Amino acid sequence: MLLFRSLGPAGLSILLLAISAGCQTGTQVARHRLIEHQALIDFTGLRAPEVVEPVRVQVAVPQTWVVHDVEHRPLFTHQQWKSPSARTAVGVIYARLPLPVSSGTILWLATKQYTARGDDGRELGRWDDEVGRKWFECETAKYHARGYVIVNGLDAWIAYSGFRTDVPPEPGEITMGMRCMESFVPIATGEEASKSLPTSRPSTQPALP
């Protein structure tokens, strides 16, 4: 499964355009709110939260899922985990930007790139959640993706979960991928991950409503 496998030349051109046209900052998501949100996740089937240094996040990965790929590009790093059926995946793209860019601009980039993957690509929606993350949902004839954008200064992340639409879906895997995606807590450049974030799952784990 190759959700956001590579931005490619067109995607890089879009990113450069976004950077040149969007030298602005938007409302940043307070990290303590993300840590508090992570503590409310149902960790059933997920590993204890761990730091994934290449993409500068802490995440609780599904226990039976494996790393599918770690892609290093000049402007970004992409890591993805794949379900046992290979029909569902969760991943994150991390970019260290040369200039400040708003989360809205990065959101536009994400939806533009995903829907451009084929003539059948379409955007299903955008919204903000109570934590302050900007969400998107897109679909093609082959893949469905849902994710969010976080920007902290010159650091930007696109976290997503998706599944194949050309084969029967695996509802349990889709739910697991969504819960995993909710566990992402970014680590900005210069921050000490081991000192600033919890390294084990919370003692109480109520499910999200």
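In the predicted model, proline 98 is classed as exposed, because its relative accessibility of 56% exceeds the 50% above which a residue is so classified. Proline 98 belongs to the loop that connects β5 (88-96) with α3 (103-115). Although 23 residues separate proline 98 from leucine 75 in the sequence, the C-alpha atoms of the two residues are 9.1 Å apart in space.

The strand β5 that precedes this loop is part of an open sheet of seven strands, arranged in the order β3-β4-β5-β9-β8-β7-β6 with antiparallel pairing. The edges of the sheet are formed by β3 (66-72) and β6 (122-128), each of which has a pairing partner on one side only. From one strand to the next, the twist averages 15°. At the β3 end of the order, the antiparallel strands β3 and β4 are joined by six bridges. In this part of the sheet, valine 66 is positioned opposite lysine 82 of β4.

Two helices are associated with the sheet. Helix α4 packs on the sheet through contacts with β5, β7, β8 and β9, and its direction makes an angle of about 175° with that of β9. Helix α3, which follows the loop containing proline 98, lies across β6, β7 (134-139), β8 (143-152) and β9. The direction of α3 is at about 10° to that of β7.

A further helix, α2 (residues 31-38), has three buried residues, namely Leu34, His37 and Gln38. These residues lie on the same side of α2, because the arc that they cover around the axis is only 100°. Such an arrangement accords with helical geometry: an α-helix has 3.6 residues a turn, so residues three or four places apart point the same way. The buried residues of α2 pack against β2 (57-59), β8, α4 and β10 (185-186). Strand β8 and helix α4 are thus elements of this packing, and β8 is also among the strands that α4 touches.

Eleven salt bridges are present in the structure. One of them joins the side chains of glutamate 170 and arginine 87, with an N to O distance of 3.4 Å. This pair connects distant parts of the chain, the two residues being 83 residues apart. Glutamate 170 is located in the loop between β9 (155-164) and α4 (171-182), whereas arginine 87 is located in the loop between β4 (77-82) and β5. Glutamate 170 is partly exposed, because its relative accessible area of 30% falls between the 20% and 50% limits of that class. Arginine 87 is likewise partly exposed, with a relative accessible area of 26%.

A second salt bridge is formed by arginine 126 and glutamate 123, whose closest N and O atoms are 2.6 Å apart. Arginine 126 is partly exposed at a relative accessible area of 40%, and glutamate 123 is also partly exposed, at 37% relative accessibility.

Arginine 133 and aspartate 129 form another salt bridge, in which the closest N and O atoms are separated by 2.7 Å. Both of these residues are buried. Arg133 and Asp129 also belong, together with Glu182, to a network of salt bridges.

Methods:
Residues are numbered from 1 along each chain as its sequence is written. This is a predicted model: local features need pLDDT of at least 70, side-chain atom pairs count only at pLDDT 80 or more; totals for chains, interfaces and linings use all residues. Side-chain values use heavy atoms; hydrogens and water are left out. Helices (H or I, at least four residues) and strands (E, at least two) are DSSP runs, numbered from the N terminus. Buried means under 20% relative accessible area, exposed over 50%, partly exposed in between (1.4 Å probe, protein chains only). A salt bridge is a side-chain nitrogen of Lys or Arg within 4 Å of a carboxyl oxygen of Asp or Glu. Two strands pair if DSSP finds at least two bridges between them. Axes are lines fitted to C-alpha atoms, for helices over the stretch in contact, and angles run from 0 to 180 degrees between N-to-C directions. Contact means heavy atoms within 4.5 Å. The arc is that of the directions from the helix axis to the C-beta atoms.
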